[in-house]
Each structure stands twice: as structure tokens, then as C-alpha cells.
Amino acid sequence: LNHTNYQNNTDLFAAGCESSFSLPWTSNLTIVNNTHISKVVFEESKAIGVECIQGKGKSNQTILANKEVILSAGAISSPQILQLSGIGNDKHLSELG
């Protein structure tokens, strides 16, 4: 895995956007397009980043957060990412392996 730590005054990281755009009023947001979040990365019980794939045919990359991880992927994708991260109903997770 490749590990990236956004420590250059970047407090927020957004992935999975269809197109890249800039927000002139904020300097603490990094937006990366063509990125698929595969799971949330934990250290003990604290979310510290995300594992993602940037672009087709690329290897997994771990992006670590400076302060917090905010998961906002919609009504379908947010629960899916949490389940892929091992969070959810024990019975359902054990059925998935």
C-alpha cells in the first residue's frame, strides 16, 4: 500500500468526486477526483484515514487524516463502506466473511 499523509495545512479531504473543482474561500480542503473509497482505516477504535483506489488499474493507497474522518457517501455507499471496514451487524458481517 502507498501511504499519503496530507499534512500541508490540509484539514479536509474529499474523494470520489466526478470532477475536480476549487473552493476559493477555503484553504483546508483537498478534493481528488476518480477515487473510490474501499474502507475506513482505524487505529484501535479511532478512524485515522481511508483506503482508496485513485483511477482505474491503480494500487490501493492509504490517506491519513490530520484531524478527523468524515464519511459522507450517501444512503447506499456510506453503510457499504462501513461494512467493508468491519463496522455493522455482527451476523451480517460474518455471512460476508
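## Strand pairing, core and a buried serine

Glutamate 51 has threonine 62, in strand 6, as its bridge partner. Strands here are DSSP E runs of at least two residues, helices are H or I runs of at least four, and both are numbered from the N terminus. The model is predicted: local features need pLDDT of at least 70, side-chain atom pairs count only at pLDDT 80 or more, and totals for chains, interfaces and linings use all residues. Residues are numbered from 1 along each chain as its sequence is written, and side-chain values use heavy atoms, with hydrogens and water left out.

### Overall layout and confidence

The protein has two helices and six strands. From the N terminus, the order is β-β-β-β-β-β-α-α. Of its 97 residues, 24% count as buried; that means under 20% relative accessible area, with exposed over 50% and partly exposed in between (1.4 Å probe, protein chains only).

Confidence varies along the chain. The mean pLDDT, the predictor's confidence in each residue from 0 to 100, is 75 for the protein, and 69% of the residues score at least 70. Strand 4 has the highest mean, 91, and strand 1 (residues 2-5) the lowest, 44. Residues 1-12 have pLDDT below 50, yet in the model this stretch has 34 contacts beyond near neighbours in sequence. A contact means heavy atoms within 4.5 Å.

### Two hairpins

Strand 4 and strand 5 pair antiparallel over eight bridges. Strand 5 also runs antiparallel to strand 6 (residues 60-64), joined to it by five bridges. Two strands pair if DSSP finds at least two bridges between them. The table sets out the two turns.

| Hairpin | Residues between strands | Residue with positive phi | Phi |
|---|---|---|---|
| Strand 4 and strand 5 | two residues | glutamate 44 | near 60 degrees |
| Strand 5 and strand 6 | five residues | glycine 55 | near 85 degrees |

Individual partners can be named. Glutamate 43 has lysine 46 of strand 5 as its bridge partner. Valine 50 is matched with isoleucine 63 in strand 6.

### The nonpolar core

Which residues make up the largest nonpolar core? Its six residues are Ile37, Val40, Val50, Cys52, Ile63 and Ile81. Strand 4 (35-43) and strand 5 (46-54) each supply at least two of them. Such a core is a set of buried Ala, Val, Leu, Ile, Met, Phe, Trp, Tyr and Cys residues joined through side-chain atoms within 4.5 Å. In soluble globular proteins, nonpolar side chains tend to be buried together.

Cysteine 52 sits in strand 5. Cysteine 52 counts as buried because its relative accessibility is 0%. Beyond four places in sequence, its contacts are Thr35, His36, Ile37, Ser38, Ser59, Asn60, Gln61 and Ile63. Serine 38 is 14 residues away in sequence, but the C-alpha to C-alpha distance is 5.2 Å.

Isoleucine 81 is another core member. Leaving aside neighbours within four places, isoleucine 81 is in contact with Ile37, Lys39, Val40, Leu71 and Ala73.

### Serine 85 between the helices

Serine 85 lies in the loop between helix 1 (74-84) and helix 2 (90-96). Is serine 85 buried or exposed? Serine 85 counts as buried because its relative accessibility is 17%. A polar atom of its side chain lies 2.7 Å from the backbone oxygen of isoleucine 81. Outside the four nearest places in sequence on either side, serine 85 is in contact with Lys39, Val40 and Phe42. Val40 is also one of the core residues.

Key. A polar contact is a pair of N or O atoms within 3.5 Å; within protein, one must be able to donate a hydrogen and the other to accept it, and residues adjacent in sequence count only if both atoms are side-chain atoms.
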